[in-house]
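Colleague: I have a model open on my screen and would like to learn how to read it. Could you take me through the features one at a time?

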Amino acid sequence: MPDHILIIKPSSLGDVATALPLAVDLKRAYPAARIDWLIHPALVDLVRGHPAIHDAILFDRKHLAGWWRRPAAFRSLLRLFSLLRRPRYDLVIDAQGLFRSGLFTRITGAPVRVGFANAREGAWIFYTHRAQLPKTPQVSSGETT
């Protein structure tokens, strides 16, 4: 049973809002677990104070951009890496499915890292478990022959 869980879904208001039931389901399945969320600072109010979420880790992509040429951004990136490692997560779920979010799952050092089997940008290489999403049925145009 995981004691410490991280959900990675940093951006897009609609995406974060539709991912919130994941936190509720995890809390229901693991009531004693501490659940954190990696999120963009502009969206932190969506998860901060939520009964299923213990803490929010802030990820400001624009602030970290150019980390290889800006010492301040590089130091901030190293701080973020430290924040991702410090809690010693048992389970990390990448609900974003991009290379960057997949890399963050790996940086945590969590023994169980879950993401989408068809994650974009090769993010799936960082996961220990890959969830296959069901194929959605094709929507008919309504025409009959």
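Modeller: Happily; we will go from the overall layout to pockets, patches, salt bridges and backbone angles.

Modeller: This is a predicted model, so to speak of local features we ask for pLDDT of at least 70, and side-chain atom pairs count only at pLDDT 80 or more, while totals for chains, interfaces and linings use all residues. Residues are numbered from 1 along each chain as its sequence is written, and side-chain values use heavy atoms, with hydrogens and water left out.

Colleague: How many helices and strands are there in the chain?

Modeller: Helices (H or I, at least four residues) and strands (E, at least two) are DSSP runs, numbered from the N terminus. Here the chain has 5 helices and 6 strands. Going along the sequence, their pattern is β-α-β-α-β-α-α-β-α-β-β. The C-alpha atoms fill a box of roughly 65 × 40 × 30 Å along the principal axes.

Colleague: What share of the residues in the chain is buried?

Modeller: Buried means under 20% relative accessible area, exposed means over 50%, and partly exposed is in between, with a 1.4 Å probe and protein chains only. By that rule, 40% of the 145 residues are buried.

Colleague: Now pockets. How do I read one, and which residues line the largest pocket?

Modeller: Rolling a probe the size of a water molecule over the atoms shows where empty space is left. On a 1 Å grid over the protein atoms alone, a pocket is an open set of points where a 1.4 Å probe fits, with protein on both sides within 12 Å along at least five of seven lines; lining residues have an atom within 4 Å of a point. Grid points are joined across faces, edges and corners, and the volume is the space filled by probe spheres set on the points. The largest pocket holds about 190 Å³ of space. Its lining consists of Phe59, Arg61, Leu64, Ala65, Trp67, Leu77, Phe81, Phe99, Arg100, Leu103 and Phe104. Helix H3 (61-64), H4 and helix H5 (99-108) each give two or more residues to this lining, and H5 has the largest share, with 4 residues.

Colleague: What classes of residue make up the lining of the largest pocket?

Modeller: Ala, Val, Leu, Ile, Met, Phe, Trp, Tyr, Cys and Pro count as nonpolar, Asp, Glu, Lys and Arg as charged, and the others, Gly among them, as polar. The lining has 9 nonpolar, no polar and 2 charged residues.

Colleague: Which residues form a nonpolar patch on the surface?

Modeller: Patches are made of residues with over 30% relative accessible area and no salt bridge; nonpolar side chains (Val, Leu, Ile, Met, Phe, Trp, Tyr) are joined within 5 Å, and like charges within 9 Å. Areas come from the Shrake-Rupley method with a 1.4 Å probe, and for residues only the protein chains shown count as cover. Here Trp67, Trp68, Phe74 and Leu78 form the patch, with about 440 Å² of accessible area together. Leu78 sits in helix H4 (residues 71-85) and is partly exposed at 40%.

Colleague: And how many salt bridges does the structure hold?

Modeller: A salt bridge is a side-chain nitrogen of Lys or Arg within 4 Å of a carboxyl oxygen of Asp or Glu. The structure holds 4. In one of them, Lys9 pairs with Asp15, their closest N and O atoms being 3.9 Å apart. Lys9 is buried at 9% relative accessibility, whereas Asp15 is partly exposed at 32%.

Colleague: Which residues do shared salt-bridge partners join into one network?

Modeller: Start with Arg34 and Asp36, whose side chains meet at 3.3 Å, N to O. Asp36 is buried, at 1% relative accessibility. Asp55 also bridges to Arg34, at 3.8 Å between the closest N and O atoms. Asp55 lies in strand E3 (residues 55-58) and Arg34 in strand E2 (residues 34-39), so the pair ties together parts 21 residues apart in sequence. Through shared partners, Arg34, Asp36 and Asp55 form one network.

Colleague: Last one: which residue has a positive phi of about 55° although it is not a glycine?

Modeller: Most residues other than glycine have a negative phi. Arg88 is the residue with about 55°; it is found in the loop between H4 and strand E4 (91-94) and is exposed at 69%. Glu121 also has a positive phi, near 60°. Glu121 is in the loop between strand E5 (112-116) and strand E6 (129-131), and is exposed at 54%.
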